Amino acid sequence: MVQPVNKVKKVVKRRLKFKRHQADRFKRLSRTSWRQVRGIDSYTRRRFRGHNLIPNIGYGTARKTRHQMPDGFQKFLVHNLQELEVLLMHNRTYAAEIAHGVSVRNRKALLARAQELNVKITNPKTRVRSEEHE
């Protein structure tokens with residue numbers, strides 16, 4: 001099994017979605033579709049204590065761990081064997097994810113080649129398993 005080069009713990013500063021201003025007052029406003037507040041007297045825009053928080057650059061994740069999966073790899077979408085060959089030198093940084101539209105026959109070829117290249121595949125059992133049952 002392939003292990004990532006350096007598994008750095010990802011620090012997530014906020015897991016909750018930011019609430020839209022006055023979304024609790026009107027049913028037509030989606031609660032999680034954030035819009036910047038522009039009112040001149042807005043409590044949220046002026047950042048008064050006890051009111052909704054506003055997204056800003058401080059909530060961003062570290063560049064090292066951005067787009068990192070919990071196992072320490074980053075995803076790389078693969079449609080064919082040529083794209084899988086790219087991961088030959090980066091098999092401890094990126095994990096391949098087989099694209100949705102890839103056929104069963106090509107999936108099996110990708111899985112076999114990934115085994116040879118020692119590349120981790122995030123979705124190895126998709127579609128192949130359903131074919132065996134039929």
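**Figure 1. Gln22 in the segment ahead of the first strand.** Gln22 is partly exposed, with a relative accessible area of 28%, in a model that is predicted. The residue lies in the segment before β1, and its phi is near 65 degrees, a positive value in a residue that is not glycine. For background, most residues other than glycine have a negative phi.

**Figure 2. Arg28 and Gln68, two further residues of the segment before β1.** Arg28 belongs to the segment that precedes β1 (74-78), and with a relative accessible area of 70% it is exposed. Between Arg28 and His100 there are 34 Å in space, C-alpha to C-alpha, for a distance of 72 residues in sequence. Gln68 also has its place in the segment before β1, but Gln68 is buried, because its relative accessible area of 12% falls under the 20% limit. Once its neighbours within four places in sequence are left aside, Gln68 is in contact with Val8, Lys10, Phe73 and Gln74.

**Figure 3. The whole chain, as context for the close-up views.** The protein contains three helices and two strands, and from the N terminus on these elements run in the order β-α-β-α-α. The radius of gyration is 22 Å, whereas the globule rule gives 14 Å for 134 residues, so the protein is more spread out than a compact globule. Its C-alpha trace spans about 60 × 40 × 25 Å along the principal axes. Of the 134 residues, 25% are buried, and the accessible surface comes to about 10,600 Å², with 51% of that area belonging to carbon and sulfur atoms. Among the contacts in the protein with a separation of 6 or more, 43% are accounted for by residues 24 or more positions apart.

**Figure 4. Helix α2, its length and its two sides.** Helix α2 covers residues 104-117, and its 14 residues should span 20 Å at 1.5 Å a residue; the C-alpha atoms at its ends are 20 Å apart, which agrees with that expectation. Which residues of α2 are buried? They are Val104, Arg107, Leu110, Ala114 and Leu117. These residues cover an arc of only 140 degrees around the axis, and therefore they sit on the same side of α2. The general background is that an α-helix has 3.6 residues a turn, so residues three or four places apart point the same way. On the other side of α2, the exposed residues are Arg105, Gln115 and Glu116.

**Figure 5. The largest nonpolar core and the contacts of Leu84.** This core has 12 residues, namely Val78, Leu84, Leu87, Ala96, Ile98, Ala99, Val102, Leu110, Ala114, Leu117, Val119 and Ile121. Both β2 (94-98) and α2 supply at least two residues of this core, and α2 gives the most to it, with three residues. Leu84, one of the core residues, is in contact with Val78, Ala96, Leu110, Arg113, Ala114, Leu117 and Val119 when its neighbours within four places in sequence are left aside.

**Figure 6. Asn118, the residue that follows helix α2.** What kind of phi does the residue after α2 have, positive or negative? The residue that follows α2 is Asn118, and its phi is positive, near 60 degrees, although Asn118 is not a glycine. Asn118 has its place in the loop between α2 and α3 (128-133), where it is partly exposed, with a relative accessible area of 41%.

**Figure 7. Val119 in the loop between α2 and α3.** Val119 is found in the loop between α2 and α3, and at 7% relative accessibility it counts as buried, because this value is under 20%. Val119 is also one of the residues of the largest nonpolar core. Leaving out its neighbours within four places in sequence, Val119 is in contact with Val2, Leu84, Leu87, Asn91, Ala96 and Ala114. The C-alpha atoms of Val119 and Leu88 are 7.4 Å apart in space, while the two residues are 31 residues apart in sequence.

Conventions: Residues numbered from 1 in each chain as written. Predicted model: local features only at pLDDT ≥ 70, side-chain atom pairs only at ≥ 80, totals over all residues. Heavy atoms only, no water. Helix = DSSP H or I, 4+ residues; strand = E, 2+ residues; numbered from the N terminus. Expected span 1.5 Å × (residues − 1). Buried < 20%, exposed > 50% of the residue type's maximum accessible area, 1.4 Å probe, protein only. Arc of directions from axis to C-beta. Core = buried A, V, L, I, M, F, W, Y, C linked by side-chain atoms within 4.5 Å. Contact = heavy atoms within 4.5 Å. Rg over C-alpha atoms; globule rule 2.2 N^0.38 Å. Areas by Shrake-Rupley, 256 points an atom, 1.4 Å probe, with all protein chains shown as cover.
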